[in-house]
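Trainee: Could you take me closely through one part of this assembly, the nonpolar patch on its surface, and then through the chain contacts that go with it?

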Amino acid sequence: MLMWGAGMTVLVSGTAIILGMPLGLMLCFGVTSSNPWVSRFSRIYQSVWRGTPILVQLLIIYYLLPLIGLNVAPILAAIIALTLNTVAFQAEIFRGGLLAIPPGQMEAARMVGIRKWAMRYHVVVPQIFRLVIPSLVNETISILKNSSLVSVIAVTELMRVSQQIVATTYRPFEIYITAAVIYILVNFLLSLIGRTAEKRLAGGT
Amino acid sequence: MTTKPLEPIIKIRDLTKTFGTVSALSGISLDVDPSEVVCIIGPSGSGKSTLLRCIGFLEEYTSGEVQIEGRLLGYRRTASGLVRESEKNIDAVRRNVGMVFQHFNLWPHMTVLDNVTLGPRLTKRIPTGRARGQGRHALAKVGLESFADRYPSQLSGGQQQRVGIARALAMEPHVILFDEPTSALDPQLVGEVLDTMKQLASDGITMVVVTHEMGFAAQVADRVVFMDHGQIVEKGPPVSLFNAPESPRLREFLDTWRSRNMLFQNDASVTGEGEEGGARS
Amino acid sequence: MMQSLDLWVQYAPLMLRGLVTTAWICALATVVGIAVGLLMAWLGSIAFAPLRWAVRTYVEIMRGLPILILLFVLYYGGPSIGLRLSAESVGVFGLGLYSAAYFAEIFRSGFQSIPQGQIEAARMAGLTGTQIIRHIKLPQMLVLITPSMVNQTIILIKESAVLSIITVAELTKNTTQFVNETYAVIQPYVAAAVLYWLLVETVARLGRFVERRVKF
């Protein structure tokens, strides 16, 4: 049962992280845009989602969606909230990667006539991912940990399942420690994968 | 070749550029004719590179005009003055201008051939197969055809810069701007890049070269432009400029350069002796 | 709009009480976090391998663990091993011990960032070990680590929202009470977001002030 919950935890946070990548890139381009309105709007989005507790964000999404006529399953609300949150953080990670690419490369692209979006696609994005893998792994770990909060809106992931088991067995210490070990193992595995990927890519060129 | 067309490829009038309150260029006027090689020399901080970057519109200029083949670059004339042009139209005016950078600016995640073909593929909508053919041709011109599938990091600095030249060539530009193309290179690698550039000059490619290589300027340039403090101090054919400089500032610049070169040669002999001495002891 | 205003006025005392609770718990937790973090950074720098491993393990465990689990272990699991703490103390020590791992990493990177050459130069100039720490290491380190420390404190403030789940009457808990009593959603959460933002902004400004003071 705990394993089933762990699977749910990985599913919810994995979906959020993967959806967050393209959206985070877009927000990163928004924040760095030369259009003042686009960059201002992107920055406000970013500071709101980075500046408030994720638990509050989760509760707002969960209660707000029905109010605007969207009755979605808790799991969907959880994925939406975690995605909107990670987008703000990933945008900042990608921005760091963007700054690490020498501006001369962009100038070279402009001088052979490559337009902005083509440049982003061919020159910027392929390099950004190599640069930000360590930070992306950290963000994935952080989202995985924060996904424990979605238990409060009755998504039966690892945390919620542990609570249910505690309610029937009355052995909180053992159960929660077991859940803790599962979280730590998954995150350890993640950072291991991250380090391998980093080495692989670093050796690539 | 046919008779010289009336229109110069690059026409600069009263160009000024200020960074905040600092004036980088003031009142530059210069024409570059087809097939001409113009070398721009001058002390560092004299505005040479800024001028070149304005011609490529990597830098917005403050006032004056830059025309490429008769079309105003970067701005649009309206009743109320000059208005910033859209990126699309800037690209259209700039499409016949190529640029080679001091720090090569190759894209490290792509092979040499991909570096050369990306521009033509994306902007001229040339099918990949044909673009690769043209790319290999451009690489052959700089003598690097056999390096097509390497990555930039596997090449020496001189080779990387020759790829940079091939990348510019592949766009079949009408003029190529060189921004101190050998300044970031180890001394022993400078020669191969200069040789490649000489080859281009003899092929009749129009070139504007910002450089510290006086030998190259004397040998290859049709005209040499000496800049100091954001102004063109003197311009003319290399023979008269180097042998009979008119302005005191150019004379001083050339004297400094000559004495430094002598010093360098002396240094070399000194080190040579030092090494011998080291071997003896 | 008028209704919103009325609601806000009516629930202002509750929300402000929540803010104050959040603030003092976070302040104490930060003190615990910095103290324990500093201790661990120091223990980790001692040339005794088992000690280093112990610190390393602690840091890795905390970094892989959701704060919620840690709080549940302490609050619900604690009594079964004879550890009875109030929800507030669990908050202070849970958040404190959790952030201690992150603070320890910040201090470690701070110590490492001083080039060895400077230490050697100080030694050659006749400075003693403590003098080196006092005059060479600390002043430079403070400049480097102040931004990360402020950042970590802000993260701690945001994480403290989790304490609502173990019944601490802090800002998020009182916000849910506001929601439950009025069936309003937007007004309570807007108020909560603004109050969190105020707290975070205050800490950020304080941090920038300190940053200017320690800068050389």
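Mentor: In this predicted model, the element that gives the most to the nonpolar patch is helix 8 of chain C, residues 186-214, with five residues. The patch as a whole covers about 750 Å² and is made by residues of two chains, with A:Leu67, A:Ile68 and A:Leu70 from chain A, and C:Ile186, C:Val190, C:Val194, C:Trp197 and C:Leu198 from chain C. On the chain A side, A:Leu67 lies in helix 3, which spans residues 54-67, and A:Leu67 counts as exposed because its relative accessibility is 54%, where the cut-off for exposed is over 50%.

Since the patch draws on chains A and C, the contact of these two chains is the next thing to look at. Chain A and chain C bury about 2500 Å² between them, and 80% of that area is on carbon and sulfur atoms. Each chain brings 29 residues to the contact. Across this interface the rule finds zero salt bridges, although there are five residue pairs in polar contact, both residues being at pLDDT 80 or more. On the side of chain A that touches chain C, the elements that give two or more residues are helix 2 (36-51), helix 3, helix 6 (116-146), helix 7 (158-169) and helix 8 (172-204) of chain A, and the largest share, nine residues, comes from helix 8 of chain A.

Chain A also meets chain B, in a contact that takes 18 residues from chain A and 26 residues from chain B. Here about 2000 Å² is buried between the two chains, 64% of it on carbon and sulfur atoms, and within chain B the residues that lose the most area to chain A are B:Leu58, B:Trp107 and B:His109, together 27% of what that side buries. The rule finds two salt bridges across the interface of chain B and chain A, and A:Arg115 forms a salt bridge with B:Asp91, in which the closest N and O atoms are 3.0 Å apart. There are also seven residue pairs in polar contact across the interface of chain B and chain A, again with both residues at pLDDT 80 or more. The side of chain B that touches chain A receives two or more residues from each of helix 2 (87-94), strand 8 (97-100) and helix 3 (112-123) of chain B.

To return to chain C, C:Leu144 lies in helix 6, residues 129-159, and C:Leu144 is classed as partly exposed because its relative accessible area is 48%.

Definitions and conventions
Residues are numbered from 1 along each chain as its sequence is written. Chains are lettered from A and ligands numbered from 1 in the order in which they are written. This is a predicted model: local features need pLDDT of at least 70, side-chain atom pairs count only at pLDDT 80 or more; totals for chains, interfaces and linings use all residues. Side-chain values use heavy atoms; hydrogens and water are left out. Patches are made of residues with over 30% relative accessible area and no salt bridge: like charges are joined within 9 Å, nonpolar side chains (Val, Leu, Ile, Met, Phe, Trp, Tyr) within 5 Å. Accessible areas come from the Shrake-Rupley method with a 1.4 Å probe; for residues, only the protein chains shown count as cover. A salt bridge is a side-chain nitrogen of Lys or Arg within 4 Å of a carboxyl oxygen of Asp or Glu. Helices (H or I, at least four residues) and strands (E, at least two) are DSSP runs, numbered from the N terminus. Buried means under 20% relative accessible area, exposed over 50%, partly exposed in between (1.4 Å probe, protein chains only). Contact means heavy atoms within 4.5 Å. Buried area is the accessible area (1.4 Å probe) that two parts lose on being put together, summed over both. A polar contact is a pair of N or O atoms within 3.5 Å; within protein, one must be able to donate a hydrogen and the other to accept it, and residues adjacent in sequence count only if both atoms are side-chain atoms.
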